[in-house]
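Grab the model and work through these exercises with it open in your viewer. Try each task on your own before you read its solution.

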Amino acid sequence: MNKIKMIGIDHSKATVDYRELFSFTRAGACHAMEELKERDGIDGVIILSTCNRMELWVSVDAEVTFSLYDELCRLKGVETQEYRGFFTEREGDEAVRHLFETACGLKSKIIGDDQIITQVKNALSLSREVFCTDKVLETLFRTAVSAGKKVKTQVRLTGNDASAITGAVHNLKAQGIDLGSMTCMVIGNGEMGKLAATALIREGADVTVTVRQYHNGQVQIPGNCCRINYGDRMEYLKYCDLVVSATASPNCTIKYCEITQVPRKKDVIMIDLAVPRDIDREVGNLEGITLYDIDSFGLEIEHEQLKKATAEAEMILQEFIDDFNLWYGCRDLVPVVQQVCAQAAQDVELRLTKPMRRLNVSEDEKEELEKAIETATSKVVNKILFGLRDNLCISTWRDCMEAVARIYEES
């Protein structure tokens, strides 16, 4: 039997300084998953790396013992003891519940985060692309995404659209800043960049989005936004009151050495929503520049509202968790069920051999009828066996399956 294990670092324990040290680019995550998948005893690997968290998930043989923390530090090339206090390790039921709560936004810095469902889904897709997932992690992540979608549809965890840029807008407006009068540049046209541009347009700002030149004419930008080539961003800076950078690049989009060489307005707000960070942290020391990062913002929610919404979300999650645990606890019996269904269908076919001979039908019609009987028998038996599973405790169902399997073994 496989065990589910994970290790993670997130906003609750570590600042962006430490999170970016353990963050993965898409290419980096692929390489790390492929390397870990080669290790004996690891059947599946998924890396979830976002602005607020990095989580390494594995499906391993129950007998295998090794340190996920040590493996992660080896992959990142850092000392193994220095950062241990920032990490949390979970396995089994605790890990399962954590992923479901993460997928619906209950573990996000901004409760109900709109992006996390997509990020969990994309983490699974990336693992699939490099053939590093297995049936256990595949089913776990797919079920968690389904649970997150249902919570998002049925429960209002926040009073607003929940994202990092929403928190930034909320914070700036609370300071009395009029975003509607600002000229803004959003560096990056990915999911986070599009959310940022849309949020600023909603506030009435003049927004320009950067687009990589080789993408020019191919990508869509949010409505009412202008576009410039990414390479022209420093030249355009002289017009900007507000700059938001939100890319997946491992390199800085705004470097200290570059910004000191170009003209800019007297007062400029810069918001870095990326991990690893897009804007050189030294930029924040320049006169006239106020620099915020992903940890600077959050959304305040009334405690009672959050308490009620969380309880509703937990009820929905529990249904999906129960379904997963039922599958997980019985997955070794799926081949037994399939074998019993096939044997039952064969049994029925044999018992109908004589009646079938008396039918006045062609051979093609007879063959078609035999296939229909085989399929119907298999489906009915499958429904009965799994219906028993849903109405009995696992141990009793296992006893029943062993008994049913022996019927055909002994006949």
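**Exercise 1. Count the salt bridges, then place the one made by Lys3.**

Solution. Keep in mind that this is a predicted model, and that side-chain atom pairs count only at pLDDT 80 or more.

Step 1: search the whole structure, and you get 25 salt bridges.

Step 2: zoom in on Lys3, whose partner is Glu91, with 2.9 Å between the closest N and O atoms.

Step 3: see where the two sit. Lys3 belongs to strand E1 (residues 2-10) and Glu91 to strand E4 (residues 87-91), so you're looking at a link between distant parts of the chain, 88 residues apart.

Step 4: check exposure. Lys3 comes out as partly exposed at 28% relative accessibility, and Glu91 is partly exposed too, at 37%.

**Exercise 2. Decide whether each partner of the Glu101 and Glu258 salt bridges is buried or partly exposed.**

Solution. You need one cut-off here: buried means under 20% relative accessible area.

Step 1: Glu101 pairs with Lys107, the closest N and O atoms being 3.7 Å apart.

Step 2: Glu101 has 12% relative accessibility, so it counts as buried. Lys107, at 28%, counts as partly exposed.

Step 3: Glu258 meets Arg233 in a salt bridge, 4.0 Å from N to O. Glu258 is in helix H10 (residues 256-259) and Arg233 in helix H9 (residues 233-236), so this pair ties together parts 25 residues apart in sequence.

Step 4: Glu258 is partly exposed, with a relative accessible area of 29%, while Arg233 is buried at 9%.

Step 5: now look for shared partners. Asp17, Glu20, Arg277, Arg281 and Asp293 are joined into one network by salt bridges of that kind.

**Exercise 3. Work out how strand E6 is paired and how covered it is.**

Solution. Take one neighbour at a time.

Step 1: start with strand E5 (residues 183-187), which runs parallel to E6 and is joined to it by four bridges. Pick Met185 and you'll find its bridge partner in E6 is Thr208.

Step 2: trace the connection. E5, helix H8 (residues 191-202) and E6 make up a β-α-β unit, and it is right-handed.

Step 3: go to strand E7 (residues 226-229), again parallel to E6 and joined to it by four bridges. Here Thr208 has Cys226 as its bridge partner. Thr208 is thus a handy landmark, with Met185 as a partner and Cys226 as another.

Step 4: check burial. E6 (residues 206-211) is mostly covered, with five of its six residues buried.

**Exercise 4. Describe the largest pocket and what lines it.**

Solution. Go from volume to lining.

Step 1: the largest pocket has a volume of about 1,200 Å³. Its lining has 38 residues, and the closest to the centre are Gly190, Glu191, Thr247, Ala248 and Ser249.

Step 2: sort the lining by element. Helix H2 (26-37), strand E2 (42-49), helix H5 (116-129), H8 and E6 each supply at least two residues. H5 gives the most, with seven.

Step 3: sort the lining by chemistry. You should end up with 18 nonpolar residues, 16 polar and four charged.

Step 4: tie this back to Exercise 3. H8 and E6 from the β-α-β unit both turn up among the elements that supply the pocket lining.

How values were computed
Residues numbered from 1 in each chain as written. Predicted model: local features only at pLDDT ≥ 70, side-chain atom pairs only at ≥ 80, totals over all residues. Heavy atoms only, no water. Buried < 20%, exposed > 50% of the residue type's maximum accessible area, 1.4 Å probe, protein only. Pairing = 2+ DSSP bridges. Right-handed = clockwise from strand over helix to strand, strands pointing away. 1 Å grid on protein atoms, 1.4 Å probe; cavity = no way out; pocket = protein on both sides within 12 Å on 5 of 7 lines; lining within 4 Å. Points joined across faces, edges and corners; volume = space filled by probe spheres on them. Nonpolar A, V, L, I, M, F, W, Y, C, P; charged D, E, K, R; others polar. Salt bridge = Lys/Arg side-chain N within 4 Å of Asp/Glu carboxyl O.
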